[in-house]
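Colleague: Could you take me through the strand pairing, the helix packing and the aromatic contacts of this model, one question at a time?

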Amino acid sequence: MLDAPGSWGTGPFMLTDGYSSISNVQAVINEEPFSSTWISTKEERTPYVVLDANPYYWDKKRGPRLDRVVFRNDVSPEAALHLCMTTEGQVDLVNVVKPKDASKVLASRFAKLVNVNGNKVVVGLFNRFKHDYKDRRLRLAFNLAVNRERFIKEGFYGYADVIPALTTPWVFDFPEGLEPRGYDPVEARRLLHEAGWQEGRAFEIATFKEFEHPAFVLAEQLREALRISVNVTVISVLDEVKTRRMMAEKKLVPSWDLFLASAAALFLEATPAFFHREFFGADGALRMGPEIPEFEALFKKLSAHIDRDDLLAVSKEIDRYVYEEALGLFLCSPQDLYAVNKEVNFRPYRTSLEFAETEVSLNHWSRRF
């Protein structure tokens, strides 16, 4: 949150005009020991937020290489993308391009598509408050019922990476040799029957608007592989804050069987502190079931280490544990997509939006006019 102009931190740019502010509400997860999370309810931004180059930035080799960066908040994401693809001098870069719009950017006269492996994971969270999902066989059945390559192709238009569990392959604590589960509908149906799935019972998926399309792709795959009925509920934007608070506080048991969710983090290591804890930990805002003693013991072991090698080793151990137990329906890590003016050399980061090394060519509109 930057709520006033000023020389913020020691970064390559200084905020000189406008502000960006977020309002939150607190949701209490546990009272003793106390743990809580903050849920964003409103974002307030001035029409323009202006960053000027910081002449005192310490790393001169890195940058900044731009005199000024202007964030435009006076146009919708759709309008910004249209301006970037069809004009010059209006919008040079649009972040969070939707996968379905990538082909439009690729066909644009003025813009190019830039993509990078993301810092987000998408996972199906089993509702372990329902007794059924304490059975590993049932959780494993659903994991074997998904063709992940097809799910990425159809659900994310190819712009995502398969992951075995929750740790992305490009971080330091990715467990060597851990492979995503293959597609095996025959074994999936056997496990489903062995776990006692009742004939005629429908499987209920819920998700937020962001993952509406992937949720329907997932539902179709599960219908085909498991030969069961699958329904999808998309929670409206108006109900999202209320639902997030309900999930965090865990006072009510949701009606769905699986919630398609995501988490993102600024990380390179100690991945379980960001993802595994959020989904399965005692103080995880997205934990969908009772606390898991085995997981808590591993996480306590992680938090006790200060040596980097030991930290990485336990991080890998945690990822292997959630994989072996099939605690979630592990799916993919979406890529970050940007529409960028063809005369802008933008270097994306996996963990944050940075412009220190971004520069423009001599043919950029700002240098021609």
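Colleague: How many bridges join β4 to strand β5, and which residue stands opposite Val-69?

Modeller: In this predicted model, β4 and β5 (residues 68-72) run antiparallel and are joined by five bridges. Within that pairing, the residue that stands opposite Val-69 of β5 is Leu-51.

Colleague: Which residue in β4 is the bridge partner of Met-14?

Modeller: Strand β1 (residues 13-17) runs antiparallel to β4 (residues 48-53), and four bridges join the two. In β4, the bridge partner of Met-14 is Asp-52.

Colleague: In the open sheet of three strands, which strands stand at the edges, and why is one side of each left without a neighbour?

Modeller: The order of this open sheet is β6-β14-β7, with antiparallel pairing. Each edge strand has a single partner strand, so one side of it is left without a neighbour in the sheet, and the two strands in that position are β6 (93-94) and β7 (111-116).

Colleague: What is the bridge partner of Val-114 in β14?

Modeller: Strand β7 runs antiparallel to β14 (residues 336-341), with six bridges between them. Across this pairing, the bridge partner of Val-114 is Tyr-338.

Colleague: With which residue does Tyr-338 form an aromatic pair, and what is the distance centre to centre?

Modeller: The search of the whole structure finds 16 aromatic pairs. In one of them, the planes stand at 65 degrees, over the 60 degrees that edge-to-face requires, and both Tyr-338 and its partner Phe-346 are buried. The edge-to-face partner of Tyr-338 is thus Phe-346, with a centre to centre distance of 4.9 Å.

Colleague: How is the open sheet of six strands ordered, and by how many degrees are neighbouring strands turned against each other on average?

Modeller: This sheet has mixed pairing and the order β9-β13-β8-β12-β10-β11. Its edges are β9 (160-162) and β11 (229-235), each with a single partner strand, so one side of each has no neighbour in the sheet. With direction ignored, neighbouring strands are turned against each other, on average, by 30 degrees.

Colleague: Which helix lies across β10, β11 and β12, and at about what angle to β10 does it run?

Modeller: Strand β10 (residues 202-208) runs parallel to β11, joined by seven bridges, and the bridge partner of Ile-205 in β11 is Val-232. The helix lying across these two strands and β12 (258-264) is α7 (residues 240-249), and its angle to β10 is about 115 degrees.

Colleague: Why do the buried residues of α5 lie on the same side, and what covers them?

Modeller: The buried residues of helix α5 (residues 185-194) include Pro-185, Ala-188, Leu-191 and Leu-192. They cover an arc of only 125 degrees around the axis, which puts them on the same side of α5, whereas Val-186 and His-193 on the other side are exposed. What covers the buried residues includes α3 (136-144) and α6 (212-226).

Colleague: Which aromatic pair links helix α3 to strand β10, and what is the angle between the planes?

Modeller: The two residues are 61 residues apart in the chain, Phe-142 in α3 and Phe-203 in β10, and both are buried. They belong to one aromatic cluster with Phe-126, Tyr-133 and Trp-197. The pair of Phe-142 and Phe-203 is stacked, at 4.2 Å centre to centre, and the angle between the planes is 20 degrees.

Colleague: Which arginine lies over the face of Trp-197, and which sits over the ring of Phe-172?

Modeller: Over the face of Trp-197, at 4.0 Å from the ring centre, lies Arg-201. Over the ring of Phe-172, 5.0 Å from its centre, sits the charged end of Arg-308.

Conventions:
Residues are numbered from 1 along each chain as its sequence is written. This is a predicted model: local features need pLDDT of at least 70, side-chain atom pairs count only at pLDDT 80 or more; totals for chains, interfaces and linings use all residues. Side-chain values use heavy atoms; hydrogens and water are left out. Two strands pair if DSSP finds at least two bridges between them. Buried means under 20% relative accessible area, exposed over 50%, partly exposed in between (1.4 Å probe, protein chains only). The arc is that of the directions from the helix axis to the C-beta atoms. Contact means heavy atoms within 4.5 Å. Axes are lines fitted to C-alpha atoms, for helices over the stretch in contact, and angles run from 0 to 180 degrees between N-to-C directions. Rings of Phe, Tyr and Trp (its six-membered ring) pair if their centres lie within 6.5 Å; planes under 30 degrees apart count as stacked, over 60 as edge-to-face and the rest as tilted. A charge sits over a ring if NZ of Lys or CZ of Arg is within 6 Å of the ring centre and within 35 degrees of the ring normal.
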